[in-house]
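Hi,

Here is the model I said I'd pass on. Have a look at it first, and my notes on what turned up follow below.

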Amino acid sequence: MLKIVQTKPYSDQKMGTGGLRKKTKVMMQPHYFENFIQSIFNTIGNLAGKVFVVGGDGRYYNDKAIQQFIKMAAANGVSKLIIGQNGFLSTPASSNILLKYKTDGGFVFSASHNPGGIDGDFGVKYANETGGQIPTSISDKIYESTKQITEYKIYESADIDLSKIGNFKLGDMQIEVIDSVSDYVEMMQNIFDFDALKQLFQKGFSMKFDAFNAVTGPYAIRIFEDILGAKKGTVINSQPLPDFGGKHPDPNLTYATELLNIMNNPNSPDFGAANDGDGDRNMILGRNFFVSPSDSLAILTDYYSIIPAYKNGIYGVAKSCPTSTAVQRVAKEHNLPYYEVPTGWKYFVNLMDSKRITLCGEESFGTGSNHIREKDGIWAILYWLSIIAKTGKSVEEITREHWKKYGRSYYLRFDFEGLDTSVADKLMQDLEARLPKLEGKIFDNFEVSEAHPFIYNDPVDKSSTKNGLIVKFKDGSRIVYRLSGTGSSGATLRVYLEKFSKTELDKNPRQMLDNLLAIAMEIAEITERTDKKEADIVT
Ligand code: VG1
Ligand code: CO
């Protein structure tokens, strides 16, 4: 039975870098989730004939949210939903299904790398027919709609059983529950040479993959263990759990401690990797060796011709502004068009759709290609395995060879978390105002060559975006400052540091960047304004 529920607007439903992200308890407030979904439906307009893909990373409140979503979609006249079995879909798998079946959009219920559980975070990522998350022009309209909402429509009915694959109906709406993994596997088989990868594992190659008890476990088991023949137990923490087993599913040097402990020892497996909660981020490790995501993007680009899907040539490459310049040097060497966009995968979508780029990545452990319109964790791992299979070299050898050829961008990100929003906003505003005066100034041995906000003019839709502040130095070093757009409370200041060297290839990144860190802290008056003497997260 169709029901119309009266509601009042919430004032804080503005999407950030990757959809709407809130504390789970905020999302669970009466009508909160429903208001947001109805606002998206209202913004789309006529839903007759529309088909959406729906899934999530299995975190707490996923089950309830999906059932509410189904009932609201039926009440709003949506024609069909394609839903991952048990409500599971990784973000890359969802983007693939969205594009493959030419649907009108997709919803992934996830707060990505943020912790789950009742005291953790919950989120909604909304992609449109491009397969990628909506541009700001649309999310602004949705935000306006959330501020005016007075009612939402919902179907009153029993929950749909999502454990069974098959076709169902709710009112006039069709529901197709599909295997969450098989379309994704098929896509990977069309990109990579699976026979070569099978041979690698047959020769005794060993690997550990940490799924953090989030959504990628079933994907990783099917691909690495069942199909490619990696040993049973290659995938750890493979069972999706509502609280991720208490783990923080953020694949980086701070949170992936279990995997780092396995890899940082002389008898470790040959290869280590992890994904985040919703499967779009990746971390790559060799034996006692970490590959920075910026280097990873550069190395993947350098080897594009060995991958079946890319061997006939790629259009170009792109990185987000804070990502290191390593990929830029590779683009130059291969004569590839090169772009720099604001932080957030949505900015790559137009470049892919207009055939300007094939590969792209972000320093935040995201890499991907135009096979979908989201970053893709397992894709990046299969790409690395392909390079290893082809060259017979280790992760460390491949990376060191890269530095030898192109030089090394020492790179680290420093996050100052839990800041008062007004303090953080003021810090950025005041810093921006001071930037023009910095040009030509000398700090230590570093002379400032440029200092300005990062402004991106999209060549396709002509929109202009300002995100972050850049200070560049004569020797090519860079500091980028930005405020995070994915947190669920307070503000996080991110400070990204890069120092390039053609000759010193074997230094400790932290030591190489120490001076620059002190300068970055000084320029932005971080300690004076935030009381923080050091960053909470370094990665
Ligand atoms: C962060 C990363 C950004 C990434 C975004 C979404 O955003 O810096 O590179 O695209 O998360 O990733 P921010 O605004 O907090 O810096 V995911 O895996 O959370 O969807
Ligand atoms: Co993610």
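Strands β5 (residues 105-109) and β6 (residues 121-128) are paired antiparallel, with five bridges between them. To find the register, start at Gly105, which sits opposite Asn128 in β6. Bear in mind throughout that this is a predicted model.

That pair belongs to an open sheet of seven strands with mixed pairing, ordered β2-β6-β5-β3-β4-β9-β8. The edges are taken by β2 (20-23) and β8 (166-170); each has a single partner strand, so one side of each has no neighbour in the sheet. On average, neighbouring strands here are turned by 20° against each other, ignoring direction.

Just before β5 there's a backbone detail you may want to look at. Lys102, in the loop between α4 and β5, has a phi near 45°, which is a positive value in a residue other than glycine. Its relative accessibility is 72%, so Lys102 counts as exposed. Asp444 is another case: its phi is near 60°, again positive and again in a residue other than glycine. You'll find Asp444 in the loop between β20 (442-443) and β21 (446-457).

On the other side of that first loop is α4 (residues 91-100), whose axis comes within 9 Å of the axis of α6 (residues 182-191), crossing at roughly 85°. The two helices are therefore roughly perpendicular to each other. From α4, the residues that meet α6 are Pro92, Ala93, Asn96, Ile97 and Lys100, and their counterparts in α6 are Asp183, Tyr184, Glu186 and Met187. Sorted by class, that contact has five nonpolar, one polar and three charged residues.

Now for the other sheet I looked at. It's open too, with five strands in the order β11-β10-β12-β13-β14 and mixed pairing. Here β11 (235-236) and β14 (289-291) are the edge strands, and since each has a single partner strand, one side of each is left without a neighbour in the sheet. Inside the sheet, β12 (residues 271-275) and β13 (residues 282-286) run antiparallel and are joined by five bridges. If you want a way in to that register, Gly272 has Leu285 of β13 as its bridge partner.

Two helices lie across this sheet. Helix α13 (residues 377-391) lies across β10 (207-210), β12, β13 and β14, and runs at about 165° to β12. Helix α14 lies across β12, β13 and β14, at about 55° to β14.

α14 (residues 395-406) also packs against α10 (residues 293-302): their axes come within 11 Å and cross at roughly 85°. That makes α10 and α14 roughly perpendicular to each other. On the α10 side the contact is made by Asp295, Ala298, Ile299 and Asp302, and on the α14 side by Ile398, Thr399, His402, Trp403, Lys405 and Tyr406. The class count for this contact is five nonpolar, two polar and three charged residues.

Next, the metal site. Which protein atoms are the donors of the cobalt ion (ligand 2)? They are Ser112 (OG), Asp276 (OD), Asp278 (OD) and Asp280 (OD), at 1.9 to 2.2 Å from the ion. Along the chain, the donors follow the spacing S-x163-D-x1-D-x1-D. Two of these donors caught my eye for accessibility: Asp278 is at 0% relative accessibility and so counts as buried, and Asp280, also at 0%, counts as buried as well.

Last one: Glu340, in strand β16 (residues 338-341). Buried, exposed or partly exposed? With 24% relative accessibility, Glu340 counts as partly exposed. Setting aside neighbours within four places in sequence, Glu340 is in contact with Lys319, Ser320, Cys321, Phe454, Tyr456 and Arg478. There's also a spacing to note here: Glu340 and Cys360 are 20 residues apart along the chain, with their C-alpha atoms separated by 9.6 Å.

That's what I have for now. Shout if anything is unclear when you go through it.

Cheers

Conventions:
Residues are numbered from 1 along each chain as its sequence is written. Chains are lettered from A and ligands numbered from 1 in the order in which they are written. This is a predicted model: local features need pLDDT of at least 70, side-chain atom pairs count only at pLDDT 80 or more; totals for chains, interfaces and linings use all residues. Side-chain values use heavy atoms; hydrogens and water are left out. Axes are lines fitted to C-alpha atoms, for helices over the stretch in contact, and angles run from 0 to 180 degrees between N-to-C directions. Helices (H or I, at least four residues) and strands (E, at least two) are DSSP runs, numbered from the N terminus. Angles under 35 degrees count as roughly parallel, over 145 as roughly antiparallel, 65 to 115 as roughly perpendicular and the rest as oblique. Contact means heavy atoms within 4.5 Å. Ala, Val, Leu, Ile, Met, Phe, Trp, Tyr, Cys and Pro count as nonpolar, Asp, Glu, Lys and Arg as charged, and the others, Gly among them, as polar. Two strands pair if DSSP finds at least two bridges between them. Donors are N, O and S atoms within 2.8 Å of the metal (3.2 Å for Na, K and Ca); water is not among the atoms, so sites may look incomplete. Buried means under 20% relative accessible area, exposed over 50%, partly exposed in between (1.4 Å probe, protein chains only).
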